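Open the model in your viewer and keep the selection panel at hand. The tour goes from the whole chain to a few strands.

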Amino acid sequence: MNPQGERWTAEQVLALAPDATSRTAGGKLAAAGTWSGAGAHGQAVWGLCSGSGSKPYQTVVDLNGPGYRCSCPSRKFPCKHALGLLLLWASGEGGVPGGGEPPEWAEQWLGDRRERAEKLAAAARDGGPGRGGGTGDGAGRGEKGESGGAADPEAARRRAERRAQRIASGATELERRLADLLRDGLASADRAGYGAWDETAARMVDAQAPGLETRVRELAAIPSSGPGWPARLLEECALAHLLNQGFLHLDGLPEKLAATTRTRVGLTTPVAELLATGEPIRDRWLVLGRQDGTDGRLTTRRIWLRGERTHRMALLLSFSAPGQSPELALPTGLVLDADLTYYPAARPLRAAISTRNEEVPHAPSATTPSAPEGCDVDTALAAYGAALGEDPWLDGWPVVLADVVPVPGDGGWQLADERSGSALPVDPRCAGRADLWQLMAISGGGPVTVFGECGHRGFSPLTTWDPTPVPLLDTAAQGGIR
């Protein structure tokens, strides 16, 4: 038995898999006869897996993170061997006994990870140039300092000024494009097709403004989105105009709204700076849900948490190249004892893990004893409305709905609240998801607790409890739904 907490469930392990193929392959390796020298102690699990070669694969997992190392050639993280080992460990003492010390090859890797974590924590405390890790501002998107020495602050300031000037030029050009569209009439967008926006999106890339590029591509997709598209296009044009004007007049905005505006155009605070200057919040954080998405160039993983004491929501982001799984892999249902530092914003949500508190047990329970406390539909809408008042570009706000009944209908799905008689429509973009019927089957026509995002399009469900957390979204297959 892991002395710092109960073993994970098979569902929590499989939630870490980068794709369906890895889940299947990992399941086949979760047999005691496949492994030798397996053991678990503290936050480490290790073992030797026989393969096609003469030497077995050395596999070790650090449950903090979690992190993985395997001597196999796979580029997936976790690989099938790490998944198989964790599934065997989750099955109980018979598969992977507890106690004992890791072998030398496993201890060396675990020690290196501890040393890197200590250096990062020290750099954050001292305001140094530490590297970001899994919840940073994204795989090469921010400025990088050299790990061996202090970055030149004057050079960093000049780079920041040049980028701000490029983004301002991009915002000005997008303003002209929006003015042309409104002058010619919205119907021209339907006739012009997607290609007319492609050049504008490329200009936003050149301006290093990924947030503006995303807005442009959303504008391009609206004319083909079905009935009522002119109204949606006008709304999106207004939001893009508001973002452009906000960035072009940053000096006149309140500090927190200015921070939100910078984030929305694609400027984020480097992790080392955030951890050095931000105020960490200590709590036990429940992992409510996880979702992967890709734009063809970058895979983004979103993990939502809620504090047990503070009741604050938090969003962790991690990134990876296409075809690879982001490093941060906290399974749904895990309870994480940690300090989180929020990124500056008018309505803070995105956060980074400052420290995980080793002296306090934070391994996930084998099962979630009960569903988290939730709210009714009216409260969920009020929470989204309050957040939208501070961040007008917000697509949705994370909420836990309690005692709602999923109801299919000709006009789309709804989550009905029998207590108040209110109902919240499910986001139409979720209409093709088979997991809505899974949610219906779990509920059996009765009320359930559901976590998801409440937004202007409706509610996008991600997790329900039966009584253990059931991820509703197949992140490998449905990553495009935001």
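The stops below start with the overall picture and then move to individual strands.

This is a predicted model: local features need pLDDT of at least 70, side-chain atom pairs count only at pLDDT 80 or more, and totals for chains, interfaces and linings use all residues. Residues are numbered from 1 along each chain as its sequence is written, and side-chain values use heavy atoms, without hydrogens and water.

**Whole chain.** Colour by secondary structure. There are 13 helices and 15 strands (DSSP runs numbered from the N terminus: helices are H or I with at least four residues, strands are E with at least two). Of the 482 residues, 49% are buried (under 20% relative accessible area, 1.4 Å probe, protein chains only). Now show the surface. Its accessible area is about 22100 Å², and carbon and sulfur atoms hold 53% of that (Shrake-Rupley method, 1.4 Å probe). Next, contacts (heavy atoms within 4.5 Å). Of those between residues at least 6 apart in sequence, 65% join residues at least 24 apart.

**Strands 1 and 2.** Select residues 35-41, strand 1. Add residues 44-49, strand 2. The two run antiparallel, joined by five bridges (strands pair if DSSP finds at least two bridges between them). They make a hairpin with two residues in between. Click G42 in the turn: its phi is positive, about 60 degrees.

**Strand 2 and its other neighbour.** How many residues of strand 2 are buried? Five of the six. Add residues 57-62, strand 3, which runs antiparallel to strand 2 with six bridges.

**Last stop: A44.** Select A44 in strand 2, where H41 stands opposite. In strand 3, the bridge partner of A44 is D62.

Definitions and conventions. Buried < 20%, exposed > 50% of the residue type's maximum accessible area, 1.4 Å probe, protein only.
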